[in-house]
Structures are given as C-alpha cells and as structure tokens.
Amino acid sequence: MITTTSRPAELTALLAALDKVQPNSLTSCPGWTAHHVAAHICGNYEEIEQHVTAFGEGRPLERTRTWEEREQPLRELDYSTLLGRIENRAAAAAVVAGQVLEEQPEAELSWTGRTVQVAGFATHLRSEDALHRWDLVGDDETSHELLSQHDLLVHAVKFIGLPLLRRGLASRADSEPLLARVRCEGRDDLVLETSEDGGHLSLLPQQGLATINGDPAARLLLLWGRKPAPFDRLRVESDRSAASQTQALLAGY
C-alpha cells in the first residue's frame, strides 16, 4: 500500500473525492459516473504497471490495451473494492517504475503506438488524477492548487500534445491556419498553431498579444477540453475568432 505520506497529493485528493461521492454520481464527462472514473483511473495504473514490468523483464509489450478493454472488467467490481484496487495498483506501479529507472534513468518503451519515457508516467498519472478529480467535484481550492502546477501543463504539451488536438482537428470545417497564444501572467505562453498539415502545441516565451488570458488552472482545463468556472477566469484579449477556434480545437479526447 502507498501510505498517505508517500503517495502523490493528486492521488490522495482523488481518492478522497471518490470516497465522498456516490458511485452513480454524474461527472463532467458525458455518460460517466464516479464508478466510470474510478475504473478509468485504475485501468491507467494497471496498464502502466504491466508495460513497465514487462519492459523491466526484457519482454516489452508492443500493444497498449484500449480504455474499453481494461476498464470494462473494472466497472464490474464493487465500488469500494475498486477504490482499494486503485491504491494497490498505484503502489505497484510506483515500485516497478522506480526499479526500472534506478537501472535505466532514460528508459523508453512503446505506449499507445509511440515511444515515451518511463520517467514521464509519474507526471502523467498525477495529471490524470488531478484532472479527473475536477471532473468529480469541479472548481474548488484543491483543484486550483493541483491544476496550477506548471509541470502538469508541460507534461500535457510534450507527452500527449497531438492526441489532445486530434479530436478538434478531425472536426474542423476548414484548414485555415491558426496561431493562438493562451497566456498566464509570469509563465510561458501555450501556443497553438495549425496548418493544412495538422496542428502543434508548444510552450514559448510571451510575445505580442495574447489570444486568451487566464489563470494557470483554467488554462490547463481549457487544454484538456474542460470549461472552468466561473467562466470569466478565461478572457479574450485579441481576435475573438481565433479564441473561438482555440476552444473548438481543444476538445479533449
């Protein structure tokens, strides 16, 4: 078991939220209840644990199971059993990742059809836990604190930047180029660029006018296709059309 003093703050906060709500409570994810969120989180930890374990044993897995494959059996579990399983699998994933990274700090493996660093999984799981906690309880002081962490934004851009754009790009009615900057005071801009060949996310020093301005937590939620409240936490600073296109492109996945 991960003790409350050693496990990440994001996991502790998520488990507390899952324990507080009812299994059939609706969330911000259409069609998902708290039970669905718990199964999704548990599936994340189990899949990562399996991939890292196999890699450490010299038999790397070539395929990552789909969400449905790994979550459907977990949704059949009793809710309280599932919450305990999240905690256990989180502990196991942390142990195997630590063992691999102790031997190979730069270790990389195949994940969802691309190559990623094992070291990136810890931040990925923290990000998932913080985001899905918000899906359960919305904007509160804990959400603001956790989602304001800059390393979660950096991770989202570098680790899953293209998947975060894929859904929005697929729904575009045209291929007009777009350059948009989402800004937070004192931090690099989140830059969204599109062309007829696709799209790209990056973090760059502030330059020129911002397209959208807001607080760090609201910006991360926007990147993930969520709608932070109150809504005026994000403001159009220039080019309303570009701001609208940015919202449409950042549709989550």
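Helices (H or I, at least four residues) and strands (E, at least two) are taken here as DSSP runs, numbered from the N terminus. The model is predicted: local features need pLDDT of at least 70, side-chain atom pairs count only at pLDDT 80 or more, and totals for chains, interfaces and linings use all residues. Residues are numbered from 1 along each chain as its sequence is written, and side-chain values use heavy atoms, with hydrogens and water left out.

**Overall form**

The protein contains nine helices and seven strands. Its C-alpha trace spans about 50 × 40 × 35 Å along the principal axes. The radius of gyration, taken over C-alpha atoms, is compared with a globule rule of 2.2 Å times the number of residues to the power 0.38. Because a compact globule of 253 residues would have a value near 18 Å, the 19 Å of the protein agrees with that form.

Of the contacts with a separation of 6 or more, 66% are between residues 24 or more positions apart; contact means heavy atoms within 4.5 Å.

**Surface and charge**

The accessible surface, from the Shrake-Rupley method with a 1.4 Å probe, is about 12600 Å², and carbon and sulfur atoms hold 51% of that area. Buried residues (under 20% relative accessible area; exposed is over 50%, partly exposed in between; protein chains only) form 49% of the 253 residues.

There are 25 positive and 37 negative side chains, and the centres of the two sets are 3 Å apart. Lys and Arg count as positive, Asp and Glu as negative, while His and the chain ends are not counted. Each charge is placed at NZ of Lys, CZ of Arg, CG of Asp or CD of Glu.

**Helix α5**

Helix α5 covers residues 120-137, and its 18 residues should span 26 Å at 1.5 Å a residue; the end C-alpha atoms are 26 Å apart, which agrees. The expected span is 1.5 Å times one less than the number of residues. Of the 18 residues in α5, 16 are buried. G138, just after α5, has a positive phi of about 80 degrees.

**Backbone features in loops**

Most residues other than glycine have a negative phi, and most peptide bonds are trans. The cis peptide bond between A229 and P230 has an omega of about -5 degrees, and P230 is in the loop between α8 (216-223) and β7 (234-236). Two residues other than glycine with positive phi are tabulated below.

| Residue and phi | Loop |
|---|---|
| T112, near 50 degrees | between β1 (108-111) and β2 (114-117) |
| D239, near 55 degrees | between β7 and α9 (240-249) |

T112 counts as partly exposed because its relative accessibility is 44%.

Definitions and conventions
Buried < 20%, exposed > 50% of the residue type's maximum accessible area, 1.4 Å probe, protein only.
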